[in-house]
Amino acid sequence: MILLLSDVHCRYDVIDRQLAHATDEAGDEISDILVLGDLGLFEPFMRRFFRNSGRPRGKPTHFIEGNHEDFANFDRLVERYRDVITHLPRGTVHTIGGVPTLALGGVCYMDAHTTPLRAEIRPQDVDRCLA
């Protein structure tokens, strides 16, 4: 069973709490966790939670980017934290918990004042998914 979450916004402890709740409620083993946008990929918060807290490695955790990520440092952060969380790039297919999964993260509106440019879903992203 896959646990689906979204809009964590740097509150990574929510992932662990929701995993515990889902395990208790469902009675089934959760194989993977998938965050559907707005994980909150920001260095200070990632370091504090995943490196400094002594948090044990949990279930395989994957994420699709939303519009609230540090896009200026995105690639570096994805690489730096790949041992604890896996980014699913746009237009890619993965098998998560035995289920084929197509990734298309981001947003399909563009407010130039509040939305980072890399967060916008572009026509070529959708075309790659449909290919």
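## A walk from the Phe71–Phe74 pair to the sheet

Phe71 and Phe74 are both buried, where buried means under 20% relative accessible area, exposed over 50% and partly exposed in between (1.4 Å probe, protein chains only). Before you go on, note that this is a predicted model, in which local features need pLDDT of at least 70, side-chain atom pairs count only at pLDDT 80 or more, and totals for chains, interfaces and linings use all residues. Residues are numbered from 1 along each chain as its sequence is written, and side-chain values use heavy atoms, with hydrogens and water left out.

**Stop 1: the rings.** Rings of Phe, Tyr and Trp (its six-membered ring) pair if their centres lie within 6.5 Å; planes under 30 degrees apart count as stacked, over 60 as edge-to-face and the rest as tilted. By this rule there are five aromatic pairs. Keep Phe71 and Phe74 selected: this pair is stacked, with 5.5 Å from centre to centre and 15 degrees between the planes. Now select Phe49 and Phe50, whose ring centres are 5.0 Å apart and whose planes stand at 90 degrees, so this pair is edge-to-face. Both Phe49 and Phe50 are buried. Add Tyr12 to the selection, and you have a cluster of Tyr12, Phe49 and Phe50 linked by ring pairs.

**Stop 2: the sheet.** Switch to a cartoon view. Helices (H or I, at least four residues) and strands (E, at least two) are DSSP runs, numbered from the N terminus, and two strands pair if DSSP finds at least two bridges between them. You will find an open sheet of four strands in the order S1-S2-S3-S4, with parallel pairing. Its edge strands are S1 (2–5) and S4 (86–87), each pairing on one side only.

Select S2 (residues 32–36) next: four bridges join S1 to S2, and the two run parallel. To see one partnership, pick Leu3, whose bridge partner in S2 is Ile33. Then bring in helix H1 (residues 13–26), which packs on the sheet and touches S1 and S2; contact means heavy atoms within 4.5 Å. The direction of H1 makes about 135 degrees with that of S1, taking axes as lines fitted to C-alpha atoms, for helices over the stretch in contact, with angles from 0 to 180 degrees between N-to-C directions.

How many of the five residues of S2 are buried? Four of them are, and S2 is mostly covered. On the other side of the strand list, four bridges join S2 to S3 (residues 61–64), again parallel. Here Leu36 stands opposite Ile64 in S3.

**Stop 3: two loops.** Zoom to Ser31, in the loop between H1 and S2. Ser31 counts as partly exposed because its relative accessibility is 28%. Beyond residues up to four places away in sequence, Ser31 touches Met1, Lys59, Pro60 and Gly97. Its side chain makes a polar contact with the side chain of Asp32 (2.9 Å). A polar contact is a pair of N or O atoms within 3.5 Å; within protein, one must be able to donate a hydrogen and the other to accept it, and residues adjacent in sequence count only if both atoms are side-chain atoms.

Finish at Asn67, in the loop between S3 and helix H3 (74–80). At 9% relative accessibility, Asn67 counts as buried. The side chain of Asn67 makes a polar contact with the side chain of His68 (3.5 Å).
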